[in-house]
Amino acid sequence: MKFLFVSGPHAVGKSYTMSKLAKDLNMTLYDTGPIMREYHKKLAPDKSMGEWVTGLEAKHGKKVTAFMLAKKLKDKMKEENTSGVIIVGFRTGEGIFQFMDIMKSNDFGVLYVDGTMELLYENYNRRLQSTTNQRKDSVKTYEEFEYYINEELASGLSEIRDCALSGAPMTYYFKKEDNGDGLYHYARQILEQSKEKPKTEGEGEPSAPGVK
């Protein structure tokens, strides 16, 4: 498997865990959030992220952000000699398929990382406490945070989650109950198994044992 997409709600621990895994397996970690924020800051700092993306799509079409992200990744892959790419941050299945169409590859899998609302909120608050430039308006009550997560799910995450839960080809599901090493080992198993059993024509990625 050349590309592993890792999706899931805010504060579930995707970037932290995948950065460690990418380093251990000599893979490139590609986090779309910081890349898009960098583009936004450079190209339209006077607009909100939402306004900027909406304007881009109106002018250049729905695939414009996928093209921008793919270009950055292609440049990054030329610079780094790695065995594959872990991509964090895509929130819709449509975005993932648009991206892979541009990359001209079907050698990929999608891992959805879930977590209890209590764990997500605990991680969210821990992250805020460790951030020195914390803004007051970023502090949310439990109810506000729950509403925010549900909005994320409604924007497309729930479709990826439901697809993974259904056992669709090339998809995997893992639910975190705590911040232990379970996610690290599960994702590593997926990547290592994909190397052991190459995909044949018409066959989806093999499911790793222990899917929750």
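# Exercises on a predicted single-chain model

A search of the whole structure finds 11 aromatic pairs (rings of Phe, Tyr and Trp, the last by its six-membered ring, with centres within 6.5 Å; planes under 30 degrees apart are stacked, over 60 edge-to-face, the rest tilted). The model is predicted, and local features need pLDDT of at least 70, side-chain atom pairs pLDDT 80 or more, while totals for chains, interfaces and linings use all residues. Residues are numbered from 1 along each chain as its sequence is written, and side-chain values use heavy atoms, without hydrogens and water.

## Exercise 1. Aromatic pairs

Classify the ring pair Phe 5 and Phe 99, and locate both residues in the chain.

Solution.
- Step 1: The ring centres of Phe 5 and Phe 99 are 5.9 Å apart and the planes stand at 90°, so this pair is edge-to-face.
- Step 2: Phe 5 belongs to strand S1 (residues 3-7) and Phe 99 to helix H5 (residues 93-103); with their positions 94 residues apart, the pair links distant parts of the chain. Helices (H or I, at least four residues) and strands (E, at least two) are DSSP runs, numbered from the N terminus.
- Step 3: Phe 5 has a relative accessibility of 1% and counts as buried (buried is under 20% relative accessible area, exposed over 50%, partly exposed in between, with a 1.4 Å probe and protein chains only). Phe 99 is buried as well, at 0%.

Do the classification again for Tyr 112 and Tyr 173.

Solution.
- Step 1: Here the centres are 6.2 Å apart and the planes of Tyr 112 and Tyr 173 meet at 5°, so the pair is stacked.
- Step 2: Tyr 112 sits in strand S4 (residues 108-115) and Tyr 173 in strand S5 (residues 171-176), 61 residues apart, which again links distant parts of the chain.
- Step 3: Tyr 112 is buried at 0% relative accessibility, and Tyr 173 is buried at 7%.

Which residues form one aromatic cluster?

Solution. The cluster consists of Phe 5, Phe 90, Phe 97, Phe 99 and Phe 108.

## Exercise 2. Salt bridges within helices

Find the spacing and the exposure of the partners in the salt bridges Lys 71 with Asp 75, Arg 126 with Glu 122 and Glu 192 with Arg 188.

Solution.
- Step 1: Side chains of opposite charge can pair when their charged atoms come close. The criterion is a side-chain nitrogen of Lys or Arg within 4 Å of a carboxyl oxygen of Asp or Glu; by this rule the count is 10 salt bridges.
- Step 2: In the bridge of Lys 71 with Asp 75, the closest N and O atoms are 3.3 Å apart. Both residues lie in helix H4 (residues 64-79), 4 residues apart, about one turn of the helix. Lys 71 is exposed at 52% relative accessible area, and Asp 75 is partly exposed at 31%.
- Step 3: Arg 126 and Glu 122 meet at 2.7 Å, N to O. They lie in helix H6, also 4 residues apart and about one turn of the helix. Arg 126 is partly exposed at 42%, as is Glu 122 at 40%.
- Step 4: Glu 192 and Arg 188 meet at 2.8 Å, N to O. These two are in helix H8 (residues 182-196), and being 4 residues apart they are separated by about one helical turn. Glu 192 is partly exposed at 34%, and Arg 188 is partly exposed at 26%.

## Exercise 3. Packing of H6 and H7

Describe the arrangement of helices H6 and H7 and the residues in their contact.

Solution.
- Step 1: The axes of H6 (residues 117-129) and H7 (residues 142-165) come within 11 Å and cross at roughly 110°. Axes are lines fitted to C-alpha atoms, for helices over the stretch in contact, with angles from 0 to 180 degrees between N-to-C directions.
- Step 2: H6 and H7 are therefore roughly perpendicular to each other (65 to 115 degrees; under 35 is roughly parallel, over 145 roughly antiparallel, the rest oblique).
- Step 3: H6 contributes Met 117, Glu 118, Leu 120, Tyr 121 and Tyr 124, and H7 contributes Tyr 142, Phe 145, Glu 146 and Ile 149 (contact means heavy atoms within 4.5 Å).

## Exercise 4. The surroundings of Thr 32

Is Thr 32 buried or exposed, and which residues does Thr 32 touch?

Solution.
- Step 1: Thr 32 is placed in helix H2 (residues 32-43).
- Step 2: With a relative accessible area of 7%, Thr 32 is buried.
- Step 3: Leaving out residues up to four places away in sequence, Thr 32 touches Leu 69, Ile 87, Val 88, Gly 89 and Phe 90.
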